Every structure is written in structure tokens, then in C-alpha cells.
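Dear colleague,

Please find below the structure that I am handing over to you. A summary of what was found in it follows.

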Amino acid sequence: MTEVAIVTGAAGGIGEAIVRTLAAQGVAVVGTGRSADKLERLAASLDTGMAFSHVVADITEADAPQRIVGHCLERFGKPNYLVNNAGAGAWAPVHATSDAMLDEVIAISLRAPFRLCREVIPYMSRGCAVVNIGSTFGIMGGMDGGIYCAVKAGLKGLTQTMAAQYGEQGIRSNLVAPTVVRTPMTEGAWDYPAFQRINQGLTPFYRDCRPEDVANAVAFLCSDKGEFINGQVLPVDGGWSTTRMINSRFLAQ
Ligand SMILES: NC(=O)c1ccc[n+]([C@@H]2O[C@H](COP(=O)([O-])OP(=O)(O)OC[C@H]3O[C@@H](n4cnc5c(N)ncnc54)[C@H](OP(=O)(O)O)[C@@H]3O)[C@@H](O)[C@H]2O)c1
């Protein structure tokens, strides 16, 4: 039987890569986002035979979880996988973070994934999995991280409690934590040579993290190859967060 995944933020940089990778594995994907245009463009660009359907929804809206899961049930059946990928940040130090920034980032990046997990769990059974997209910022903190670091760390807590609670039923929950990836979210920053050099130079590999690197980790966890992996944080960062490696090419510049 065809497996089914819900992927939020499907038309974003990392989301699109996740959709393509899962669909290439034969998974039927329900993708969500706020822009019908972007989702339709994504659908049109997928290879024939890939099963994709989309829901236009602001995930902070009260009925978004029911609409998304309802669409999935109607179109493809019960979801095997939920990938909570949609997210947004607001960049400021703690002392300059307003209540409006706090509320917005919490609503998009923590409250909405929590509510979607709550909605999807009753339909899940042995072999199903939730993958939340966190960030190395949620593990290590980061300059001007403010609320972004806090919500990503909160997602880790959600992931771990779900791993404990639903692991007994064979439902796994894991968090994938990418380093900085070249996507619309970070677009302007790559114009600064220092930003580029730092992000390439603080790993043994001397290269950017690509959306496909993140998508491959997600696809692994959304497969029986990840069968005994539960409650984990998987950094996708070339080793940066564990080695604190400073590449010799970076030092030579
Ligand atoms: N890029 C990085 O450096 C990086 C590093 C670590 C972790 N991450 C995480 O990776 C995930 C994907 O980010 P990305 O880099 O691919 O960014 P992106 O290209 O900006 O994509 C973000 C996605 O989130 C969706 N989204 C935002 N607010 C929403 C809302 N209120 N309702 C519904 N959808 C909403 C957007 O949907 P629309 O299409 O409607 O705009 C978009 O598809 C995020 O959780 C981010 O925090 C990114």
C-alpha cells in the first residue's frame, strides 16, 4: 500500500526538497503552504507518477490542522508521516524582541507544529513517524537568535515527549536540525561574503548545507531504515555542532 506523508511549508526551500525526495521514494505527499501559486507550480514540476496534493492554509489558523489532516484522509488516506517543516524566525537579541515577534514566531514554529502533531496522532499506528524540523540554533543558541532558538529548542522537547508517549505504539518522533541552508529564509544573508565564508568554513567539508541534505535525512527517518531511531536530534551540519571544526581553507583566507 502507498505510504502517505504530510509536509508543511512544502513550497519553501527545504520543504520542496523534502517533497521531491519523499515522492521519488513512492510516498504520496500532501503539501501545505499559504500560496496556491507556489504549490501549483511545485505540483506541475513533479515527475509524472508522483502523487502530490496540496492544501492552502496558514498553519496558525484555528482550523488548519483539521483541514490539512482532513484533506489527507480524503485524498490519500491515513498519514504515515508528518513532517513539520514550515517555520519562520524573527531576528533580534532577547532585549529587543517585542511581544508581537514572540507571539508570531511561537504561533508558526511551535504552536502550529504542536497542534498538527495532536491532530495526526490518532490516525497513526506502528511504523508511522513524525519528523520535526528544528535547527542547530535550537541546540547551540546563536547571535540574535532570540525567539527562534527558543522555539526550536521547544520543538526538541515536543519531539522527545512524543517519542516517549507514542513510541510504545511503534510511532517514532525525531527532530532534524539543519545548520544554515541556502533557501529563501536566508536569501539576503548570502550576499555578505563573511556570512558565506563562515557557513562554509565551520565544517570539515567547506560547503553550504543544501536543502537536499536535509531532505535525505527526513526521508531516511520516514522509512523503515530508521525503524529503531526514536526521540533523537539529528544535526545536518557537516559536523559543525559537534567538532567546532574551523576549516583550514577558511583560516587561509
Ligand atoms: N534555511 C535555513 O538556514 C534553516 C536552517 C535551519 C532550520 N531551518 C528550518 O527549516 C524549515 C524550512 O525553512 P526554509 O529554509 O525552507 O525556509 P523558507 O524557504 O522560507 O520556507 C518556509 C516555509 O514555511 C512556510 N510558512 C511560514 N509561515 C507559515 C504560515 N504562517 N502558514 C503556513 N506556512 C508557513 C512557508 O510557506 P509559504 O510558501 O506560504 O510562504 C514556506 O514554505 C523552517 O522550519 C526553518 O526554521 C532553516
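Two strands are taken to pair if DSSP finds at least two bridges between them. In this predicted model, strand β1 (residues 4-7) and strand β2 (residues 28-33) run parallel and are joined by 4 bridges. Within this pair, isoleucine 6 stands opposite valine 30 in β2.

Both strands belong to an open sheet of 7 strands, whose order is β3-β2-β1-β4-β5-β6-β7 and whose pairing is parallel. At its edges lie β3 (52-56) and β7 (233-236), each of which pairs on one side only. On average, and with direction ignored, neighbouring strands of the sheet are turned by 20 degrees against each other.

Helices pack on this sheet. Helix α4 (residues 99-120) touches β1, β4 (81-84) and β5 (129-133), and its direction makes about 175 degrees with that of β4. Helix α8 touches β4, β5, β6 (172-178) and β7, and its direction makes about 170 degrees with that of β6.

Two helix pairs may also be of interest to you. The first concerns α4 and helix α6 (residues 146-167), which pack at an angle of about 15 degrees with their axes 9 Å apart. As angles under 35 degrees count as roughly parallel, α4 is therefore roughly parallel to α6. Their crossing is right-handed. Residues of α4 in the contact include Met101, Leu102, Val105 and Phe114, while those of α6 include Ile147, Tyr148, Leu155 and Met162. By class, this contact has 14 nonpolar and 2 polar residues, and no charged ones.

The second pair is formed by α1 and helix α8 (residues 211-221), which pack at an angle of about 50 degrees with their axes 8 Å apart. The two helices are therefore oblique to each other, and α1 passes α8 in a right-handed crossing. On the α1 side the contact is made by Gly13, Ile14, Ala17, Ile18, Thr21 and Leu22; the residues of α8 include Pro211, Glu212, Val214 and Ala219. The contact of α1 with α8 divides into 9 nonpolar, 3 polar and 1 charged residues.

Lastly, I turn to the ligand. Of the 27 residues around the ligand, Gly9, Gly12, Arg34, Gly87 and Thr183 come nearest. Helix α1 (residues 13-24) gives the most to this shell, with 3 residues. The shell has 12 nonpolar, 12 polar and 3 charged residues.

With kind regards

Conventions:
Residues are numbered from 1 along each chain as its sequence is written. This is a predicted model: local features need pLDDT of at least 70, side-chain atom pairs count only at pLDDT 80 or more; totals for chains, interfaces and linings use all residues. A residue is near a molecule or strand if its C-beta atom, placed from the backbone, lies within 6 Å of it. Ala, Val, Leu, Ile, Met, Phe, Trp, Tyr, Cys and Pro count as nonpolar, Asp, Glu, Lys and Arg as charged, and the others, Gly among them, as polar. Axes are lines fitted to C-alpha atoms, for helices over the stretch in contact, and angles run from 0 to 180 degrees between N-to-C directions. Angles under 35 degrees count as roughly parallel, over 145 as roughly antiparallel, 65 to 115 as roughly perpendicular and the rest as oblique. A crossing is left-handed if the near helix is turned anticlockwise from the far one by less than a right angle, and right-handed if clockwise. Two residues are in contact if their C-beta atoms, placed from the backbone, lie within 7 Å.
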